[in-house]
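Trainee: I would like a close look at one part of this model. Please take the surroundings of the ligand, and show me how they fit into the rest of the chain.

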Amino acid sequence: MYSIRSKYRAIYTASINSCSLSAYIMSNKRTRTIDSFFMTSSSLATKKPRTSTNSGFEEGCDETILKKRDNDTDNLPTNYSSHPTYPFPIPHLPSSISHVPNPSTTTTTFPSSHGRPITDTDLDLLYFEPFIPRPASRHLFEFLRASLPFYRVEYDISRSGSKQHIRTPRWTTVFGLDDTSRFVASTIDGSLVPNCAPGSYRASPRPLPQCLEDLRVAVERALAGAKEKGSRQGTEDGEEEPKRGDAEEEKDEDAKFNFCLVNYYASGADSISFHSDDERFLGASPTIASLSLGATRDFLMKHKPLLPQTTAAPSPAVGKPLKLPLATGDMVVMRGATQANWLHAVPKRSRRNARDGGRINITFRRARVKAGTENYYNYNVGAGPVYRWDAVDQEMKPWTKEKP
Ligand SMILES: O=C(O)CCC(=O)C(=O)O
């Protein structure tokens with residue numbers, strides 16, 4: 001039988017062979033899980049062994065219980081997340097990613113750097129350079145490109161009264177569900193389904209697979225740690241502890257994510273044009289954590305044009321665009337008034353920069369209402385075919401369900 005696991009081995013080994021990271025990681029005896037990587041050493045001491053938490057996923061099927069046979073298979077995933085809405089099972093993070101090497105003996109709460117604030121009157125960024133150590137992040141890039149279903153979404157818009165056909169200039173995929181519902185185990189087959197009436201969504205919301213769930217937890221934990229450090233710093237500097245209002249509470253909730261959007265820019269020809277994630281379904285001042293993997297691409301930010309009737313003196317930042325050359329493992333967190341006032345883009349790259357090996361961007365967000373779920377599946381999954389990475393031809397290929 002050509003099992004999922006043997007198929008995955010072919011796809012995955014071809015990807016990993018191009019990367020010598022596994023040998024480096026295998027030779028490193030001091031390893032920690034990706035979760036523990038973001039913990040303080042005191043919390044590490046009390047950490048219990050990991051058990052599967054994603055109840056409702058069908059785990060332990062034939063292909064997931066194969067024993068490791070040799071060193072080559074050490075890096076292959078041994079468990080998968082399956083769900084009726086996934087075109088194919090999605091592997092858990094392999095040990096070479098989930099057991100990242102400990103880069104120093106004196107560990108801190110954060111992975112490879114502290115988040116550096118970049119702020120102005122209406123700009124609030126936290127920039128990790130990097131968030132995930134570079135070698136592990138390159139491996140994560142290869143893993144996610146080979147493991148996730150991708151889509152090339154096309155849709156129509158009307159602009160100035162005329163219809164325009166848009167072909168999204170990058171590969172996309174999405175998982176998650178807005179705040180008005182949550183995934184519960186279905187009584188029919190035990191898979192996770194939204195706890196609202198069937199048919200409440202046009203889309204079929206799908207839960208985060210375990211590999212993205214692990215990253216979500218790590219990012220949330222790092223942001224909670226950054227916040228704690230910020231408020232400790234303020235108190236140590238003699239500032240009075242601020243009173244917490246509704247806005248602050250809302251900000252805390254914003255850094256708890258229920259959506260994961262993934263973009264794959266196969267080459268410099270793929271891009272995202274200037275826009276802001278200021279949709280009402282994200283709330284007034286959303287926190288969006290944006291993780292980069294693979295090739296370095298410029299992340300440009302520019303202030304939205306000021307309305308003509310604005311009388312207040314413009315912030316000095318208004319005329320000054322920002323350029324962050326995001327490298328593999330870097331994470332930019334956009335918070336507060338940023339989306340309301342700033343636009344961001346990843347422009348195309350040409351000539352010698354065009355064949356850059358590809359880049360993946362993952363954004364974690366929190367959608368508050370149903371419109372968020374509908375919007376994200378419409379524009380990141382759509383109604384077209386599913387694609388999957390072909391490691392031999394080094395490109396995305398349409399994926400069709402295998403006949404049993
Ligand atoms: O690829 C990036 O860094 C930006 C992605 C982005 O702006 C988006 O998904 O809205």
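Mentor: What follows starts at the ligand and works outward through the sheets, the helices and the core.

Keep in mind that this is a predicted model. The chain has 404 residues, and 36% of them count as buried. It holds ten helices and 21 strands.

Start with the shell. Which residues surround the ligand? They are L261, N263, I272, D277, S290, F299, H344, V346, N361 and T363. By class, four are nonpolar, five are polar and one is charged. Three elements each give two or more residues to this shell: β12 (259-265), β18 (342-346) and β19 (359-365).

Now take one shell residue in detail. N263 sits in strand β12. Is N263 buried or exposed? N263 has 23 C-beta neighbours inside 10 Å, so it counts as buried. Set aside residues up to four places away in sequence, and N263 touches R170, T172, I272, I360 and N361. I272 and N361 are also listed in the shell around the ligand. The C-alpha atoms of N263 and S292 are separated by 9.7 Å, and these two residues are 29 apart along the chain.

Next, the sheet that contains β12 and β19. This is an open sheet of seven strands, in the order β5-β6-β17-β14-β19-β12-β9, with antiparallel pairing. β5 and β9 (171-176) stand at its edges, each with a single partner strand, so one side of each has no neighbour in the sheet. From one strand to the next, the twist averages 15°. Helix α6 (residues 134-147) packs on this sheet and touches β12, β14 and β19. The direction of α6 makes about 95° with that of β14.

Look at the pairing inside this sheet. Strand β14 (residues 288-294) and β19 pair in the antiparallel sense over six bridges. S292 has N361 as its bridge partner in β19. N361 is one of the residues around the ligand. At the other end of the strand order, strand β5 (residues 116-120) pairs with strand β6 (residues 123-128), antiparallel, over five bridges. There, the partner of T119 in β6 is D124. β5 and β6 form a hairpin, with two residues between them.

A second helix belongs in this picture. Helix α10 (residues 370-380) lies across β9 and β12. α10 runs at about 150° to β9.

Turn to the sheet that contains β18. This open sheet has four strands, in the order β13-β18-β15-β16, again with antiparallel pairing. What stands at the edges? β13 (272-275) and β16 (322-326) do, each with a single partner strand, so one side of each is left without a neighbour in the sheet. The twist averages 15° from one strand to the next. Strand β15 (residues 297-303) runs antiparallel to β16, and five bridges join the two. Within that pair, D298 stands opposite P325 in β16.

Now the nonpolar core. The largest one has 61 residues. L140, V174, C260, A289 and V333 touch the most other members. Helix α7 (residues 210-236) supplies the largest share of this core, with seven residues. Follow C260 outward, leaving aside its neighbours within four places in sequence. C260 is in contact with V174, F175, G176, L208, L212, R216, I362 and F364. One of these, V174, is also among the core members with the most contacts to other members.

For contrast, consider β7 (residues 154-159). How many of its six residues are buried? The number is zero, so β7 lies largely in the open. Six bridges join β7 to strand β8 (residues 162-167), and the two run antiparallel. Y155 stands opposite I166 in β8. β7 and β8 form a hairpin with two residues between the strands, where S160 takes a positive phi near 45°.

One last point covers the whole chain. Count contacts with a separation of 6 or more: residues 24 or more positions apart account for 78% of them. The pair N263 and N361 is one contact to look up in the model. To go back to the start, the ligand shell draws two or more residues from each of β12, β18 and β19. β12 and β19 belong to the sheet of seven strands, while β18 belongs to the sheet of four.

Methods
Residues are numbered from 1 along each chain as its sequence is written. This is a predicted model: local features need pLDDT of at least 70, side-chain atom pairs count only at pLDDT 80 or more; totals for chains, interfaces and linings use all residues. A residue is near a molecule or strand if its C-beta atom, placed from the backbone, lies within 6 Å of it. Ala, Val, Leu, Ile, Met, Phe, Trp, Tyr, Cys and Pro count as nonpolar, Asp, Glu, Lys and Arg as charged, and the others, Gly among them, as polar. Two strands pair if DSSP finds at least two bridges between them. Axes are lines fitted to C-alpha atoms, for helices over the stretch in contact, and angles run from 0 to 180 degrees between N-to-C directions. A residue is buried if 20 or more other C-beta atoms lie within 10 Å of its own, exposed if 12 or fewer, and partly exposed in between; C-beta atoms are placed from the backbone. Two residues are in contact if their C-beta atoms, placed from the backbone, lie within 7 Å. A nonpolar core is a set of buried Ala, Val, Leu, Ile, Met, Phe, Trp, Tyr and Cys residues joined through C-beta atoms within 7 Å.
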